[in-house]
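Welcome, and please open your viewer. We will go from one selection to the next and see what is there.

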Amino acid sequence: MAERAFAELVAEAAAAPVHGWDFSWLDGRATEERPPWGYARLVAARLAAVSAALDVDTGGGEVLAEAPAPPPLLVATEAWPPNVAVARRTLRRVGAPVVQVGPASGLPFRDASFDLVTSRHPVATGWAEIARVLRPGGAYLSQQIGPGTMRELSEAILGPLPPPTSRQPERAVAAARAAGLSVVRLEQATLRAVFHDVGAVVWFLRKVVWTAPGFDVDRHRPQLAALDRRIRAEGAFVAHARRFLIEAVRPA
């Protein structure tokens, strides 16, 4: 009975859609603490106070869609084709076009086009391009993935890993300053994430692909079975997400 339940949970999660950046599929199956700064609220407040804004790596457009008072000019970019279609549907309500870009391409906008550039969980931050498209006095506000995020889950699938060397907040600060921006805010948080069944783990790993690069349901089935046994014995699997908030301003 337990093995059949394991197979059903895995099959269900492997077939579920993972487009966009909506995590509602995990409702009742997994939880993650929210950062104390309230990124969506911060962005909404900033959008209401500017005339032109850009959201980079918008995902499915979920953050922008929450803004009650979008600026007259609001644009988003996204590189992953399935997310582009989702974001275009989502952002119609706020009148924001979504521009599809290449994974490592520059921003297809003129110099000094925006008062505000935002990004939640960017794949990589092109600091020079952000500085270029910001107007003097404009700001970049971003919530980013911190080093070693969800390490417990990564190692449960991939085995022991070396200490993290990427996504360090200090490196982001140095890169922003090298691009000519002034960093005016940096906050960090460690957040408890709880998975209540192995299906939630599978779905999360399919969606947040950097957690376990190369994850494959069939190839990693033994690791998933071990996680399933652990969850049944302990009631849940706990990992820790790491986030940091950075704000950088182009000098006036």
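Which residues in the largest nonpolar core touch the most other members? Select Leu47, Leu91, Met150, Leu153, Phe195, Val201 and Leu224, which do so among its 57 residues. A nonpolar core here is a set of buried Ala, Val, Leu, Ile, Met, Phe, Trp, Tyr and Cys residues joined through side-chain atoms within 4.5 Å; buried means under 20% relative accessible area (1.4 Å probe, protein chains only). Next, colour helix α8, residues 198-207, which gives the most to this core, with 7 residues. Helices (H or I, at least four residues) and strands (E, at least two) are DSSP runs, numbered from the N terminus.

This is a predicted model, where local features need pLDDT of at least 70, side-chain atom pairs count only at pLDDT 80 or more, and totals for chains, interfaces and linings use all residues. Residues are numbered from 1 along each chain as its sequence is written, and side-chain values use heavy atoms, leaving out hydrogens and water.

Now centre on Phe195. Not counting residues up to four places away in sequence, its contacts (heavy atoms within 4.5 Å) include Arg29, Met150, Val201 and Phe237.

Move on to Asp197, in the loop between β7 (182-195) and α8. Is this residue buried or exposed? Asp197 is buried, because its relative accessible area is 13%. Its side chain reaches the backbone nitrogen of Gly199 at 2.7 Å. Show Arg29 too: beyond four places in sequence, Asp197 touches Leu9, Arg29 and Ile231.

Key:
Buried means under 20% relative accessible area, exposed over 50%, partly exposed in between (1.4 Å probe, protein chains only). A polar contact is a pair of N or O atoms within 3.5 Å; within protein, one must be able to donate a hydrogen and the other to accept it, and residues adjacent in sequence count only if both atoms are side-chain atoms.
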